[in-house]
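Here are some worked exercises to try with the viewer open. Have a go at each task before you read its solution.

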Amino acid sequence: ANERREKVQCRRLSSLLPRSSDSPCERTEGAIDDVSLLKIDVEGAEMRVLEGIDEDHWKSIHQVVMEIHSDSLLEGCCSVLRARYDRVWHEAQDIPHHHMLFAARGPEQAPKA
């Protein structure tokens, strides 16, 4: 397969979320108040992404969906999410050791008709 590598600038997710102590005029341009769904697919760097979220920002992230490519990463990511969410579950994919990991707050709700 033709693999192409590029260096890209990375930013911590918390750099886009306002601190609870920020006044509206001190907020970073482009700051996000609320994250309805955080989708993470970073080919093995999932724990680094989770570790880049400051503790006070977790309450702003309502749901998480992650693609995980190893059983050991699955265990670590589940542990981080279980400490912060009411519901954490995963589904195995057709490829061995690949999982979709989900986390959400509150009780499970039926889809709206």
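**Exercise 1. Decide whether Cys 77 is buried or exposed, then work out how it stands with respect to disulfides.**

Step 1: Cys 77 has a relative accessible area of 0%, so it is buried (buried means under 20% relative accessible area, exposed over 50%, partly exposed in between, with a 1.4 Å probe and protein chains only). A quick note on the source: this is a predicted model, where local features need pLDDT of at least 70 and side-chain atom pairs count only at pLDDT 80 or more, while totals for chains, interfaces and linings use all residues. Residues are numbered from 1 along each chain as its sequence is written, and side-chain values use heavy atoms, with hydrogens and water left out.

Step 2: Look at Cys 78, which is buried too, with a relative accessible area of 4%.

Step 3: Check the sulfurs. The closest cysteine sulfur to that of Cys 78 is in Cys 77, 7.4 Å away, which is too far for a bond (a disulfide is a pair of cysteine sulfur atoms within 2.5 Å). The structure holds 0 disulfides.

**Exercise 2. Sketch the order of helices and strands along the sequence.**

Step 1: Count the elements: 2 helices and 4 strands (DSSP runs numbered from the N terminus, with helices H or I of at least four residues and strands E of at least two).

Step 2: Put them in order, and you get β-α-β-α-β-β.

Step 3: Add the burial figure: 32% of the 113 residues count as buried.

**Exercise 3. Place Val 65 and list what it touches beyond its sequence neighbours.**

Step 1: Val 65 sits in strand β2, residues 63–68.

Step 2: Its relative accessible area is 14%, so Val 65 is buried.

Step 3: Skip neighbours within four places in sequence, and Val 65 is in contact with Leu 37, Leu 38, Lys 39, Ile 40, Met 100, Leu 101 and Phe 102 (contact means heavy atoms within 4.5 Å).

Step 4: Zoom out to the whole protein. Among contacts with a separation of 6 or more, 54% are between residues 24 or more positions apart.

**Exercise 4. Compare the setting of His 97 with that of His 98.**

Step 1: His 98 is in the loop between β3 (87–92) and β4 (99–104), and His 97 is found in the loop between β3 and β4 as well.

Step 2: His 98 counts as buried because its relative accessibility is 18%, whereas His 97, at 48%, is partly exposed.

Step 3: Leaving out neighbours within four places, His 98 is in contact with Ile 68, His 69, Glu 91, Ala 92 and Gln 93.

Step 4: Check the backbone of His 97: phi is positive, about 70°, although the residue is not a glycine.

**Exercise 5. Find the non-glycine residue with a positive phi near 50°.**

Step 1: That residue is Glu 43.

Step 2: Glu 43 lies in the loop between β1 and α1.

Step 3: Glu 43 has a relative accessible area of 58%, so it is exposed.

**Exercise 6. Sort the lining of the largest pocket into nonpolar, polar and charged residues.**

Step 1: The lining divides into 7 nonpolar, 1 polar and 5 charged residues (Ala, Val, Leu, Ile, Met, Phe, Trp, Tyr, Cys and Pro count as nonpolar, Asp, Glu, Lys and Arg as charged, and the others, Gly among them, as polar). As for the terms, on a 1 Å grid over the protein atoms alone, a pocket is an open set of points where a 1.4 Å probe fits, with protein on both sides within 12 Å along at least five of seven lines, and lining residues have an atom within 4 Å of a point.

Step 2: Ask which element gives the most to this lining: β1, with 3 residues.
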